[in-house]
Amino acid sequence: MNFFQNLALKYSHTMMQKALNNNLKVELLKEPQAKIAKEKSYMLYAHIPFCHTFCPYCSFHKYYYDENLAKNYFESLREELKIIKNKGFDFNAMYVGGGTTLIDEEELLKTLELCKKLFNIKEISCESDPNHIDPKKLSMFKGLIDRLSCGIQSFDDETLKKVARYHKFGSSEVLQEKISKALGILPIFSIDLIFNLPTQSKEQLLNDLRIAKKLSPQQITTYPLMKSNLTKDNIAKSLGVSFKDNEFEFYQIICEFFKDYTQNNAWSFSLEKNKLNDEYVSSHHEYLGVGSGAFSFLDGELLINAFNLNTYTTLIKEKQNANIAKAHFSQKERLKYVFLTEIFSGSIELTYFNHTLKCDLEKELFIELKALKICGAIYKEGDILRASKFGKYLFMVLMKDFYTGMDLVRAVFRDDARLKNKDFIDIMREDVDPLNAQNMEFKA
């Protein structure tokens, strides 16, 4: 990277931290805020917060799996979907995240069938781990799940052992066999890998990429390791510490390796161009989240659902929305957020963007866009703003910064005692103990 590009990275990182500091001042609601449907195109997000075991680099909202607890949860989730329907909402797409979304296939099946019945959903994306891609189980979801992403993370046996995935999901050879049998059952199968792991060598990275390409799934997603203050100690304990950051070099290798693929966004590649990929926020400006710990982004507000399962279930039984907090974004901050999520996919059609957001992007973000052009991150072709090769890396870094910032939101809202008797909470100023930052088991 040249001087201006290095400067742009440092400046952008600083600006992202400033944006998080300014905007994550969250109001705790005395009662759930009514979600109002408008004549817009929404996406539905559903969260399944259960896993059998936890990975050291994962900070998502989750509990250890209990069969009865999960069944009760899915019942509440379906009730919340009916409440949302009665509020007048409709959706054209759905993303199911976790946790392990396929941890109880029968319950998920009933939930997705209800979603298709209630809403005008055309496409559903879902996540899985390697233990839940059995062909017989996946066949249950034909006609329901359009895209399934499987978190492989690495095909290196030593790495799998370090992060406790070898004995849980199998060796590289076993993983490849599982994937081979799963391919072709659902329309799109995506392999998810993580790069820039501590001590990961160039050859280990290339080996992961070669195996993934040889398996020939419809999509391959390569996430940079997302290391926050809440996960860095667990990562260091499991994988060690790197004294050199290879992220930029490894990202260049990845892009070159998949140059014969279609790049969906900064970190996802497809055999054929399609709009279904891992980052729903880049294709949907507004989305509504259902389930414990789910986020919604509606009319410039971030709404946060109850994390505690008892609180969540009680709210649903009372036929209320499950949101317990909100943060408001100014018009300019909202534009910055939507700009990032869209340019992350590689380009922005200005006329459509301005019409949808009722803005003049080039005028309202003049200084920001000027700086991005000077450092060579974006360029304009007619009515389209495009990300350069360096720009794709820059926006990948910013998206990573955004997601690691949201780690703290989840950690704060997992701590019931921290939220008591407060009207507001300044997320970025909260001191969170990394040892208590993850849910372990649910205790009623």
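**A cis peptide bond, two positive phi values and a surface patch**

Let me start with Gly99, which sits in the loop that connects strand E5 (93-98) with helix H3 (105-118). Please keep in mind as I speak that what we are looking at is a predicted model. The peptide bond that leads from Gly98 into Gly99 is cis in this model, and its omega angle is near 20°.

From there I would like to turn to backbone angles in two other loops. Asn196 has a phi near 70°, which is a positive value in a residue other than glycine, and you will find Asn196 in the loop between strand E8 (188-195) and helix H8 (202-215). Is Asn196 buried or exposed? With a relative accessible area of 14%, Asn196 counts as buried, because the cut-off for that word is under 20%.

Lys319 also has a positive phi, here near 60°, and Lys319 too is a residue other than glycine. Its place is the loop between helix H11 (309-317) and strand E15 (323-328). The relative accessible area of Lys319 is 54%, so this residue is called exposed, given that the word applies over 50%.

Finally, let us go to the surface, where Phe3, Phe4 and Leu7 together make a nonpolar patch of about 350 Å². Leu7 belongs to helix H1, which covers residues 3-23. How should we describe Leu7, whose relative accessible area is 45%? Leu7 is partly exposed, because that value falls in between the under 20% of buried residues and the over 50% of exposed ones.

Key. Residues numbered from 1 in each chain as written. Predicted model: local features only at pLDDT ≥ 70, side-chain atom pairs only at ≥ 80, totals over all residues. Heavy atoms only, no water. Patch = residues over 30% accessible without salt bridge, like charges linked within 9 Å, V, L, I, M, F, W, Y side chains within 5 Å. Areas by Shrake-Rupley, 256 points an atom, 1.4 Å probe, with all protein chains shown as cover. Salt bridge = Lys/Arg side-chain N within 4 Å of Asp/Glu carboxyl O. Helix = DSSP H or I, 4+ residues; strand = E, 2+ residues; numbered from the N terminus. Buried < 20%, exposed > 50% of the residue type's maximum accessible area, 1.4 Å probe, protein only.
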